[in-house]
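Me: I would like to learn how to read a structure from its strands and loops. Could you take me through one, step by step?

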Amino acid sequence: NVTLYAKWTPNPTYTVTYNGNGSTGGTAPVDSEAYEAGTVIVLKYKGSLVKTGHTFAGWNTAINGNGTNYSAGASTTILADVTLYAKWTPNPTYSVTYNPNGSTGGSVPVDSEAYEAGETVNVLDKGTLVKAGHTFAGWNTASDGGGTDYVAGATLNMGAANVTLYAKWTPNPTYSVTYNPNGSTGGSVPVDSEAYEAGETVNVLDKGTLVKVGHTFAGWNTLANGTGTNYAAGATLTMGAANVTLYAKWTPNSTYTVTYNGNGSTGGTAPVDSEAYEAGTVIVLKDKGSLVKTGHTFAGWNTAINGNGTNYSAGASTTILADVTLYAKWTPNPTYTMTYNGNGSTGGS
């Protein structure tokens, strides 16, 4: 008897390999099956594959993406060994731009990064930006400050659009310098219309046209009674965090007296001048008043008691430069003799 056994030739089988194709993390799915030609399979999903800055977009039979595209979960018929390469679509990226928003100097910070939606951005500091008379107060998403505020160092969650951050500037407080005439009798006080920040240097003004009778301008002081800090005209003052009033300082001018001396008069009183005169004042000299001196006639005034000084007639003018005493000058009246003559008498005297 003969038994004939069937011969079986194994059909060729094929594999499916998944390639991460530049992924930066995770692992590609693994298909360990061997498929006969004609087998219809369902393609796997990406597994845990990730690629920074990209989104998984399916599979392709060519590494450069120019082959046949398959979406994850699609079906295909196996006819040969196949390697499927992950397709990665670059995620859209957005920028953060810093706007100086009216700065007067310095450079705006630059963020050259490209951010995906949802990423966290560290907000930069102001760099070297400055704005005269202002202090940097952070950033805002609107130029008028009506958007969202961000302080330097804060975090911003990136949306699906570019972001511009505008510098916020807070005006610095300013202070004034006011000049007070402090009892002047004429002229106008100087005016400083500037607004100064704390720490700024102020040039102290001169007295302008201010005058005060009998006084000389001696600078300025921070107190009306002169017990504060003195500042000469042209000096510099460092501004504090408050308004400043500078009061004029007035030094009384030196004054001089005129004294009339009877100089040996035998009656009456010398005239009196109770005025105090500044140097340079021109005065009119008084008359003798009620002064008399027996046997003499008043002849004016002299700056020396012995009459050897400067002579002045009553009513004359002179310029006062120091205290002065004027002595009455007396001229002796002329005198005559009476002689008795006997006229032929014969005796006696």
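Me: Which residue in S6 is the bridge partner of Asn60?

Reply: Happy to start there. Strands (E, at least two residues) and helices (H or I, at least four) are DSSP runs, numbered from the N terminus. Two strands pair if DSSP finds at least two bridges between them. In this case the bridge partner of Asn60 in S6 is Asn69. S5 and S6 run antiparallel and are joined by two bridges.

Me: Before we go on, what kind of model is this?

Reply: This is a predicted model, in which local features need pLDDT of at least 70 and side-chain atom pairs count only at pLDDT 80 or more, while totals for chains, interfaces and linings use all residues. Residues are numbered from 1 along each chain as its sequence is written, and side-chain values use heavy atoms, with hydrogens and water left out.

Me: How many helices and strands does the protein have?

Reply: The count is zero helices and 32 strands. Overall spread is read from the radius of gyration, taken over C-alpha atoms and set against a globule rule of 2.2 Å times the number of residues to the power 0.38. Here the radius of gyration is 57 Å, well over the 20 Å that the rule gives for 349 residues, so the protein is more spread out than a compact globule. Along the principal axes, the C-alpha atoms fill a box of roughly 240 × 30 × 30 Å.

Me: What share of the residues is buried?

Reply: Buried means under 20% relative accessible area, exposed over 50%, and partly exposed in between (1.4 Å probe, protein chains only). By that reading, buried residues make up 26% of the 349 residues.

Me: Which other strand joins S5, and what stands opposite Phe56?

Reply: Strand S8 (residues 82-90) runs antiparallel to S5, with five bridges joining them. Phe56 stands opposite Trp88 in S8.

Me: Where is Ala62, and what does it touch?

Reply: Ala62 is in the loop between strand S5 (54-60) and strand S6 (69-70). Contact means heavy atoms within 4.5 Å. Leaving aside neighbours within four places in sequence, Ala62 is in contact with Gly67 and Tyr85. From Ala62 to Ala74 there are 12 residues in sequence and 17 Å in space, C-alpha to C-alpha.

Me: Which strands does S21 pair with?

Reply: Strand S21 (residues 215-221) pairs with strand S24 (residues 244-252) in the antiparallel sense over five bridges. Two bridges also join S21 to strand S22 (residues 230-231), and these run antiparallel. Looking at single residues, Phe217 stands opposite Trp250 in S24, and Asn221 has Asn230 in S22 as its bridge partner.

Me: How do I read the order of strands in the sheet that holds S10?

Reply: Follow the pairing from one strand to the next. Four strands form an open sheet in the order S10-S16-S13-S14, with mixed pairing. Strand S10 (96-99) and strand S14 (149-150) are the edge strands, each pairing on one side only. S10 pairs with strand S16 (residues 163-171) in the parallel sense over four bridges, and Asn99 stands opposite Tyr166 in S16.

Me: What is the phi of Asn21, and where is Asn21 found?

Reply: Asn21 has a positive phi of about 50° although it is not a glycine. Asn21 lies in the loop between strand S2 (16-19) and strand S3 (35-36). Asn263, also not a glycine, has a positive phi of about 50°, and Asn263 is in the loop between strand S26 (258-261) and strand S27 (277-278).
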